[in-house]
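Work through these exercises with the structure open beside you. Try each task before reading its solution.

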Amino acid sequence: MTYRVLLLDDEPAICEITAILLKKLGYDAVITSRGEDTIDAYRSALSQEARFDVVILDLTVPGGLGGKEVISALHETDPAVNALVSSGDANDPAVAQFRDFGFSGVLMKPYTKAVLDETIKSVLK
């Protein structure tokens, strides 16, 4: 079984590198750079019965919807969504108390291939 991962990040380099890492790890990945596109992609996949197993949400997306806003919208659509908050700021409340914000786990930036895989697998259990 191939797990499906949806990634939101506004930094093109992170999107490109993470897409490569996810593919090498055997995941089917869809990459978005805007929160609105992430919500649309998730809802579309759900309606086609091709749900994403894990969503990785960048906490801050300048000029658009970031992780906190996107996770709220995804929970309205699918209360069982598995989402990781991704950030470089360990002091942000959404990272420190990720469950209170509706996230299943945390993926701290910068992350390695091994940490990415381990973190995804931890929420798939």
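**Exercise 1.** How many residues of S3 are buried?

*Solution.* Keep in mind that this is a predicted model. Start by locating strand S3, which covers 54–58. Next, take one face: Val 54, Ile 56 and Asp 58 are buried there. Then turn to the other face, where Val 55 and Leu 57 are buried. Both faces of S3 are thus covered. The count is 5 of the 5 residues, so S3 is largely enclosed by the rest of the structure.

**Exercise 2.** Find the order of the strands in the open sheet, and say which strands stand at its edges.

*Solution.* Begin with the pairs. Strand S1, residues 4–8, pairs with S2 over 5 bridges, in the parallel sense. S1 also pairs with S3, parallel again, over 4 bridges. S3 and S4 pair in the parallel sense over 4 bridges. In general, strands of a sheet pair through backbone hydrogen bonds, either parallel or antiparallel. The full order of the 5 strands is S2-S1-S3-S4-S5, with parallel pairing. The edges are strand S2 (28–32) and strand S5 (105–108). Each has a single partner strand, so one side of each is left without a neighbour in the sheet. On average, neighbouring strands here are turned by 20° against each other, direction ignored.

**Exercise 3.** Trace bridge partners across the sheet, starting from Leu 8.

*Solution.* Look towards S2 first: there, Leu 8 has Thr 32 as its bridge partner. Now look towards S3: there, the partner of Leu 8 is Leu 57. Move on to Asp 58, whose bridge partner in S4 is Ser 86.

**Exercise 4.** What is the angle at which the axes of H2 and H3 cross, and are the helices roughly parallel or roughly antiparallel?

*Solution.* Locate helix H2 at residues 35–47 and helix H3 at residues 67–77. Their axes come within 10 Å and cross at roughly 20°. Angles under 35 degrees count as roughly parallel. H2 and H3 are therefore roughly parallel to each other. Their crossing is right-handed. Now list the residues in contact. H2 supplies Gly 35, Thr 38, Ile 39, Tyr 42, Arg 43 and Leu 46. H3 supplies Val 70, Ala 73, Leu 74 and Thr 77. Sort them by type: 6 are nonpolar, 3 polar and 1 charged.

**Exercise 5.** Which strands does H3 lie across?

*Solution.* Return to the sheet. H3 lies across S1, S3 and strand S4 (83–87). Then check its direction: H3 runs at about 150° to S3.

Conventions
Residues are numbered from 1 along each chain as its sequence is written. This is a predicted model: local features need pLDDT of at least 70, side-chain atom pairs count only at pLDDT 80 or more; totals for chains, interfaces and linings use all residues. Side-chain values use heavy atoms; hydrogens and water are left out. Axes are lines fitted to C-alpha atoms, for helices over the stretch in contact, and angles run from 0 to 180 degrees between N-to-C directions. Helices (H or I, at least four residues) and strands (E, at least two) are DSSP runs, numbered from the N terminus. Angles under 35 degrees count as roughly parallel, over 145 as roughly antiparallel, 65 to 115 as roughly perpendicular and the rest as oblique. A crossing is left-handed if the near helix is turned anticlockwise from the far one by less than a right angle, and right-handed if clockwise. Contact means heavy atoms within 4.5 Å. Ala, Val, Leu, Ile, Met, Phe, Trp, Tyr, Cys and Pro count as nonpolar, Asp, Glu, Lys and Arg as charged, and the others, Gly among them, as polar. Two strands pair if DSSP finds at least two bridges between them. Buried means under 20% relative accessible area, exposed over 50%, partly exposed in between (1.4 Å probe, protein chains only).
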